[in-house]
Amino acid sequence: MSDNLKLADLLLPHIDKTPDYYEALYPERSLKEGAKVTRVAPSPTGYLHIGTLFTSLVNRIAATSSEGIFFTRIEDTDKKREVEGGIENIIDGLNRFGITIDEGFVSGKEEKGIYGPYQQSRRAEIYQTYVKDLIRKGFAYPCFCTAEELEATRAEQEKANIRTGYHGEWAACRSLTFDEIKSKIDAGIPFVIRLKSPGNEENKVVYEDLIKGKIEMPENDEDFVLLKSDGIPTYHFAHAIDDHLMHTTHVMRGDEWISSVPKHLQLFRILGFKVPKFAHVSPIMKLDDGAKRKISKRKDPEAAVHFFIEEGFDAIAVVEYLMTIAASDFEDFRRANPDKPYTEFKFNLKKMSVSGALFDENKLLDVSKNIISRMSGETVSEKITAWAKEFDTEFYRLLIKDQSYTKAIFSIDRDCAKPRKDIAKWKEAKDYVSYFFDELFAPDYTLPDNLTPADACEFLKAYVKVYNESDDKQQWFERIKELCPALGFASETKAYKAAPASYKGHAGDLSTVLRIAVTGRRNTPDLCSIMKVLGKDKCVERIEEAIKHIL
RNA sequence: GGCCCGGUGGUCAAGAGGCCUAAGACACCGCCCUUUCACGGCGGUAACACGAGUUCGAAUCUCGUCCGGGUCACCA
């Protein structure tokens, strides 16, 4: 038996399968020509990050556009960084944003698909089988170096101005004999398995990135770690094995991975796997003190997608905004098809930005306003109620007290040809509708400069007498006009503008007075509708109260 | 520092050698519409990082400079 075979058995004695077993276990997928199999492979280290949402969305839409498959895989190979509930946080987060998952973890607990397990910590045996095979073939070896030794090597390299890393002659354990290894193993010294890299730094590897284009880099010659001392693989190795076995056609991930591509390419080649297409997406950036930088989990609240939910952004608004960043032609699609779901958009990798976009809250707000303006009053009312239930109990109680009243409030100036666009996030709604609830009503009775308290009150007193709840919008305004002459105001704005000196003001000014009296503010949606929702008793009560304050 | 990637208005971007006197969207400003505010309409301010080259012709191709970003782990 050759040393390599003996070594393989010595290092991984419990592994009795060969790669063939798994190759047969996970057959090719039968999908239509051109279908993309994509995935997102988060590690459960915290909350769903805006960047993860973004790449998930891109992967999802790429699969959808090609009638392919999008799956999730949990990369929990680093036990130290894992957090409780990490999988739920991420997967349920994706669900919350409407990212449908065809395969893998479809919820925090439930897994679907025949290429599993979709969690790397449960795939140890698979990785080890392939590693064992690599050892047999002389492409991998055990390394017993301690962190201190590695650090010392590094220091020495830096001092001598040599490229750092575990490569070539610096790969101390590369040339260990079988007997040396055996005695270390017998002594119980922990070890990792490293790749015996056949690469040469002088050579170039070239690959075509679907987003960035042709990229040329030095070949990998680093004997990087395949299996950590706990027998769990590093990202690089797990990526190669999993994406091969799960038949991923397009690996679309954050562009921080670009520099690792030579490692991956080498791995795929040595393992005899077909190389998937790579597309590296640029991160979402943020402006910090005038400098552009990647949104960071630690510094930026908006890194956690939960932030947007709390702020009251509708999930679909965030997704649509992300789509505008993801594809430069998405806005054209949206304009041409205002009512189609974004999932019908034909996504093309070529339309993805090469450089990272700065996160633009203004744009998000705008996208959001447009989306909300297209929702029915009922939908808006339901969504706001749902949001309040989670984040503002005081508001929630008011909203559910009388649901038809709540619905009526949010239906004003909605469901029409020119719907209002003044709500961009649910958090704003409370202030926006506060005057509909006595508990929130905080009036400011300050009159515009051109109106005197006396005129205002005289008008209000007269108005109460003629107010008819069943008037339509036109009749409603007629009432105000009719009161104008007696008060010295112009019924028609044009008349006033033609001879401002002859009047104290015009009908519009008096409607402002009424608006202030009823709502306690100068700017609101259509007053006639508001008064109808409020009801005559409440309006009269408000007007009488206002008169007391104005005088 | 080595290796990669990028650089068009404040932001996102269109742009593949002549169609560029450089689209569009957001933001900002002005006007119009209008009973307020929104909406809508019209208009405006504002950009090819810099320097060489290639070419009849460069935002577009090449090189250099500068500036940003990423990466150099038993993290992903």
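# Reading an RNA-bound model

Student: I would like to begin with a single contact: what part of RNA strand B is 3.3 Å from an N or O atom in the side chain of Arg 81?

Tutor: A sugar or linking oxygen of RNA strand B sits at that distance from the Arg 81 side chain, and please keep in mind throughout that this is a predicted model. A pair of N or O atoms counts as a polar contact when the two are within 3.5 Å, and that cut-off also takes in Arg 154, where a polar side-chain atom is 2.7 Å from a phosphate oxygen of RNA strand B.

Student: Which residue has a polar backbone atom 2.7 Å from a base nitrogen of RNA strand B?

Tutor: That residue is Thr 524, whose backbone, in this pairing, supplies the polar atom that lies 2.7 Å from the base nitrogen.

Student: Moving from single contacts to the whole surface, how many residues surround RNA strand B, and which are the closest?

Tutor: Here a residue is near the strand if one of its heavy atoms lies within 4 Å, and 55 residues surround RNA strand B, with Thr 77, Lys 228, Lys 363, Arg 420 and Asn 523 the closest. Of the strand atoms that come within 4 Å of the protein, 73% belong to sugar and phosphate. Sorted by class, the residues of this surface comprise 25 charged, 17 nonpolar and 13 polar.

Student: Which element gives the largest share of the surface near RNA strand B?

Tutor: The largest share, four residues, is given by β8. Several elements each supply at least two residues to this surface, among them β6 (192–195), β13 (291–294), α13 (361–373) and α19 (473–487).

Student: How should I read a pocket, and what volume of space lies in the largest pocket?

Tutor: It helps to take the volume, then the lining, and then the elements behind the lining. About 980 Å³ of space lies in the largest pocket, and 40 residues line it, with Pro 42, Ser 43, Thr 52, Glu 256 and Trp 257 nearest its centre. Two or more lining residues come from each of β1 (37–40), α3 (50–65) and β10 (250–254), and α3 gives the most, with six residues. By class, this lining has 16 nonpolar, 13 polar and eleven charged residues, and at least three residues are drawn from each of domain 1 (31–114 + 282–374) and domain 2 (124–281).

Student: Where does the second largest pocket lie with respect to domain 1 and domain 2?

Tutor: Both domain 1 and domain 2 give residues to its lining, so the second largest pocket lies between them. Its volume is about 610 Å³, and among its 26 lining residues Thr 248, Thr 249, Lys 274, Val 275 and Pro 276 lie nearest the centre.

Student: A cavity, I gather, is a different kind of space; how many cavities of 30 Å³ or more does the structure hold?

Tutor: A pocket is open, whereas a cavity is a space where a 1.4 Å probe fits but cannot get out, and the structure holds two of 30 Å³ or more. The largest cavity has a volume of about 90 Å³, and its lining, which includes Ile 409, Phe 410, Arg 414 and Arg 420, has ten nonpolar, two charged and no polar residues. The name Arg 420 should be familiar, since Arg 420 is also among the residues closest to RNA strand B. The second largest cavity holds about 60 Å³ of space, and its lining has six nonpolar, four polar and no charged residues.

Student: Turning to the backbone, which two residues are joined by a cis peptide bond?

Tutor: Gly 116 and Pro 117 are joined in this way, with omega at about 0 degrees, and Pro 117 belongs to the loop between β4 (111–112) and α5 (124–136). Another backbone feature is a positive phi in a residue that is not a glycine, as in Asn 161, at about 60 degrees, and in Asp 415, at about 55 degrees.

Student: Is Asn 161 buried or exposed?

Tutor: Exposed means over 50% relative accessible area, and Asn 161 is exposed because its value is 71%; Asp 415 is likewise exposed, at 54%. By contrast, Val 533, found in helix α22 (residues 527–534), is buried, with a relative accessible area of 18%.

Methods:
Residues are numbered from 1 along each chain as its sequence is written. Chains are lettered from A and ligands numbered from 1 in the order in which they are written. This is a predicted model: local features need pLDDT of at least 70, side-chain atom pairs count only at pLDDT 80 or more; totals for chains, interfaces and linings use all residues. Side-chain values use heavy atoms; hydrogens and water are left out. A polar contact is a pair of N or O atoms within 3.5 Å; within protein, one must be able to donate a hydrogen and the other to accept it, and residues adjacent in sequence count only if both atoms are side-chain atoms. Ala, Val, Leu, Ile, Met, Phe, Trp, Tyr, Cys and Pro count as nonpolar, Asp, Glu, Lys and Arg as charged, and the others, Gly among them, as polar. On a 1 Å grid over the protein atoms alone, a cavity is a set of points where a 1.4 Å probe fits but cannot get out, and a pocket is an open set with protein on both sides within 12 Å along at least five of seven lines; lining residues have an atom within 4 Å of a point. Grid points are joined across faces, edges and corners, and a volume is the space filled by probe spheres set on the points. Domain bounds come from an automatic or database domain assignment. Buried means under 20% relative accessible area, exposed over 50%, partly exposed in between (1.4 Å probe, protein chains only).
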